[in-house]
Every structure is written in C-alpha cells, then in structure tokens.
Amino acid sequence: AESWKIKMVEPIRKSTREEREQWIKEAHYNVFQLRAEHVYIDLLTDSGTGSMTDRQWAGMMLGDESYAGASSFFKNMITRLTGFDYVIPTHQGRAAENVLFSYLVKEGDIVPGNSHFDTTKGHIEGRKAIAWDVTIDEAKDTQLEVPFKGNLDPKKLEKVLAEHADKIPFIIVTITNNTAGGQPVSMKNIKEVRAIADKYGKRVLFDSARFAENAYFIKTREEGYQNKTIKEIVKEMFDNADGMTMSAKKDAIVNMGGFIATRHQDWFEGAKGFCVQYEGYLTYGGMNGRDMNALAIGLDENTEFDNLETRIKQVEYLAKRLDEFGIPYQRPAGGHALFVDAPKVLTRVPKEEFPAQTLTVELYLEAGIRGCEIGYILADRDPVTRENRFGGLDLLRLAIPRRVYTNNHMDVIAVALKNVFDRREQITRGFQITWEAPLMRHFTVQLERAK
Ligand code: F0G
C-alpha cells in the first residue's frame, strides 16, 4: 500500500558499460570518487537523500530566521514525541555527537553500545576513550533469521559495567543498528538495558537516526505492540532513555539537520557551550530556521505507520527479489538497506583483494548502480599492528533513499545484481590498494585491479 504519490521528479541518465569502465577507473575504483551524474541509481546512502513532502516544503516558507529566540515549533515537536525538555539543534548527527561528547567523554572512558556507528566511534576514540561493542553474537551470522538482530547482549553489558563501572559515562543504544544491517532493537531489550543501567546508576543515550523505523519493527514484530500507534511506541522507547543524538537526515527526512535532546538539565547545561562554540547559537545550532521547520514536520509525518510501511515494504520487496535469485544478504531485510554478503557471492576472490569492494565495482559496471562497501576497507587497519582487519563482515550495502525510487528501480537493481551473481565464478580477482589515508580510509582510498 503506497502512502504517497509523486509531485516533482528529477531526470536520471543511463550510460554505457564503456563509459562506466572509464569513469570508475578515473575514480580509482572507489565509488565515493564518482561524479553523481555518472550514477544511474544511487544507493550510496539513505542519509540526506530522501524526498520531502509538500507540507515540509510549505513549512520552509514559514521558517523563522531570527538569530536568537526563533519560533519554538521545532523544540515543541521533539518534546511532544520524546518527552525530552531540553533540545540543542546541530547541523547533522555527528555534530550532535561532537557537542554532547565534548562534555561527557573523557580520556580512558569506556562507552558500551551496540555496533557504534563510525562517526560515533570516531568521536569516542578521538577522545582516547573506548567504544565497547556489546551487540548480540547472532548479528554476525548473516543467514540467521532473528527479529531483533540489532539488540545489545545483556550479559556483555552487565559484564563491562561490573568490571569498569567507574569509567563508563553512559551507554549508547543505536536504533536501528545500522552497522549490523539496519536491524532493530526490541522494546524488551531497551527495557533490559534500562534496568541494567539503573542498577549501576548509569544513563542511556539513544543514537536515534532511524528511531521511527525501529518503532515500526516493534509494532510489526514484538508481542503486545500491534495495536499501539507508532507515536505511542516512540514515546515508550524514549521513556527508557536519558537523551538522544539525532541525525535528522534519516528518519526526519530532511537533507541536512540534527539535534541533541535530553530530560536532564545538567547534560543540557554541560553541552550548550560546545554548541555555541562549534555549531551556532542555542536556538538554531547549525541549522537554518526554515530547515528546522521542515525537520519538525518530517518527524511528525514519519512517525505515522502508513509512511513507514510504504518505505520498509519497499526494502522488503527488493529482498524478496534477491531471494528469488538466491543472493545472500544479512537476514532479515533491514529498515533502510540490504547488506549483501560478498564473500558468500564472490567465493573465489581472496579476502586480501576485498570481495565486497569488488562486488560494489561489478554492480556499478553492470548497471550504473552505486552501493557501498561496508567491509574490510571500511574496517581500517589495526591501530597497533597496521594489518588489515578481516575479522568482521564484508558487505555490499544497498541503502534505499526514502520516497525516491519506485519498485521498478528495485527490479532494475535486483536483476543487475543477478547478472553479476550469474557470472560470479568468472570473477576471481579483486583489488589492491595503491593509496590510503591512515583513518577512515574508505572515503578516499585508491585502488587498482589485483595483478
Ligand atoms: N548514527 C548513525 C546510526 C548513522 O547511521 C549516522 C550516519 C550517524 C549517526 C551520523 O549522522 O551523517 O548526520 O552526521 N549514517 C550515514 C550512513 C552517513 O550512510 O549510514 P550524520
């Protein structure tokens, strides 16, 4: 059931295989270096790439651009949805992390959480603290079907708290768990985490980028939530948190924006100076007034079941097409993306030659579709040994922008991937690195075909 129709369109351009061979070579076989106009269907990210509604665009005209004390519509919407009274706007999610962690995270600290996102980990490790992963082990087996594969393992959490409580400033719950495959966290797990945190007197922070999609999964998969509205579920989720950082580029469906929200005055007082220093005055942070209006309206609209259902069913639709072809991905389908298990597809490409990166390039060459590697290149080198880290998953992420593509696009993606899948036995060599940055290398890495 579709909950919207299309009012404005943007043309996209097909290309030939010869053109793509040339372009990807010029991009050093790194899809981040491609020009967007050379991409036919862009699945690089679901962040900031969604389509706004007519109501959001109309809201932009009413933006209050006052330097200080601008209209409180933005704050009221966040408070209404979450119950958090203190709100600090920032220009995006990592800025919210930077502002809040500048106050909360100190050298030597340990911050436990479920598969901290790269920027979150970066803002912890950059302060010489440790991002301690307590994700459930099931998340590592892509073929295992469990409904809440993004959960925190209560035993792992309890253990790190028991051993290092004095070093732990707070616990992070990432909803949905992007790194584990856009997998949700159950309400039961959220409450377990709350109880463990209370036992040790710790606070809980939600990394909330895709909180509405998480609520959709609670409603559709968890016992006892079928008859609750998304807004009721969202409120119940946040009742168990002390605060949130938000990348509004995902579930608020705006191109740029973010915020911190909390129920605690001390967090607000502690962080607000860093907002003024890094982002802007407290009532606009890094945002335009008009963008804050669009964000508030986006939050309101995307915490309605119909909008979420249309979106998540589309990701499921693509997953079903891949099932028809037997293409392995992190199961079940995530909220915002599918993550193809590259070493299970390109079995002949050695890990040293980066199977997921190879699959990413092959899909681009096949049909001009840009996914992205969430694997061995992204994992960076071990800081001590400087060896590549091959311990985790090696995935090709197909992130689906919100309200941008139709199911016809999904068919094109599925068939292109099938064509690559059908010739997987012929793909025996991958890539080798010719240049890389010491940290966060995947954005700028340069590669050549392995010889
Ligand atoms: N937290 C999560 C769970 C995220 O997925 C992201 C961004 C951020 C924080 C940072 O937010 O980009 O607004 O600064 N994820 C994007 C992605 C980039 O493609 O998954 P940001």
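The legends below describe close-up views of a predicted model.

**View 1. Strand β5 and its burial.**
Strand β5 spans residues 170–174, and five of its five residues are buried, so the strand is largely enclosed by the rest of the structure. Phe-170, Ile-172 and Thr-174 point one way from β5. Ile-171 and Val-173 point the other way. Residues on both sides of β5 are buried.

**View 2. Pairing of β5 with β6 and the crossover between them.**
Strand β6 covers residues 203–207 and runs parallel to β5, to which it is joined by five bridges. Within this pairing, Val-173 of β5 has Phe-206 of β6 as its bridge partner. Between β5 and β6 the chain passes through helix α7, residues 187–199. The resulting β-α-β crossover is right-handed.

**View 3. Ser-208 in the loop after β6.**
Ser-208 is located in the loop that lies between β6 and α8. Its relative accessibility is 0%, so Ser-208 counts as buried. A polar atom of the Ser-208 side chain lies 3.0 Å from the backbone oxygen of Phe-206; Phe-206 is also the β6 bridge partner of Val-173. Leaving aside residues up to four places away in sequence, Ser-208 touches Ile-175, Phe-238, Met-244, Thr-245 and Met-246. Lys-451 is 243 residues from Ser-208 in sequence, and the C-alpha atoms of these two residues are 43 Å apart in space.

**View 4. Glu-222, a buried acidic residue without a salt bridge.**
Glu-222 sits in the loop between α8 (211–221) and α9 (230–239). The residue is buried but has no salt bridge. The nearest side chain of opposite charge belongs to Lys-188, 7.4 Å away. The Glu-222 side chain does reach backbone nitrogens: that of Met-187 at 2.7 Å and that of Lys-188 at 3.0 Å. Lys-188 is thus approached through its backbone nitrogen, while the side chain of Lys-188 is 7.4 Å from Glu-222. Residues touched by Glu-222, not counting those up to four places away in sequence, are Phe-148, Ser-186, Met-187, Lys-188 and Phe-217.

**View 5. Salt bridge between Lys-418 and Asp-422 in helix α15.**
Both residues lie in helix α15, residues 407–422, and are four residues apart, about one turn of the helix. Their side chains meet in a salt bridge with an N to O distance of 2.6 Å. Lys-418 has a relative accessibility of 26% and counts as partly exposed. Asp-422 also counts as partly exposed, at 46%.

**View 6. Salt bridge between Glu-19 and Arg-13.**
The closest N and O atoms of this pair are 3.4 Å apart. Glu-19 is partly exposed, with a relative accessible area of 26%. For Arg-13 the relative accessible area is 45%, and this residue is likewise partly exposed.

**View 7. Salt bridge between Arg-441 and Glu-436.**
Here the closest N and O atoms are 2.8 Å apart. Arg-441 has a relative accessible area of 0%; the cut-off for buried is under 20%, and Arg-441 is therefore buried.

**View 8. A network of salt bridges.**
Six residues, Asp-46, Arg-210, Glu-213, Asp-251, Arg-311 and Arg-402, are linked in a network of salt bridges. In the whole structure, a search finds 42 salt bridges.

Conventions
Residues are numbered from 1 along each chain as its sequence is written. This is a predicted model: local features need pLDDT of at least 70, side-chain atom pairs count only at pLDDT 80 or more; totals for chains, interfaces and linings use all residues. Side-chain values use heavy atoms; hydrogens and water are left out. Buried means under 20% relative accessible area, exposed over 50%, partly exposed in between (1.4 Å probe, protein chains only). Helices (H or I, at least four residues) and strands (E, at least two) are DSSP runs, numbered from the N terminus. Two strands pair if DSSP finds at least two bridges between them. A crossover is right-handed if, with the strands pointing away from the viewer, the path from the first strand over the helix to the second runs clockwise. Lys and Arg count as positive and Asp and Glu as negative; His and the chain ends are not counted. A salt bridge is a side-chain nitrogen of Lys or Arg within 4 Å of a carboxyl oxygen of Asp or Glu. A polar contact is a pair of N or O atoms within 3.5 Å; within protein, one must be able to donate a hydrogen and the other to accept it, and residues adjacent in sequence count only if both atoms are side-chain atoms. Contact means heavy atoms within 4.5 Å.
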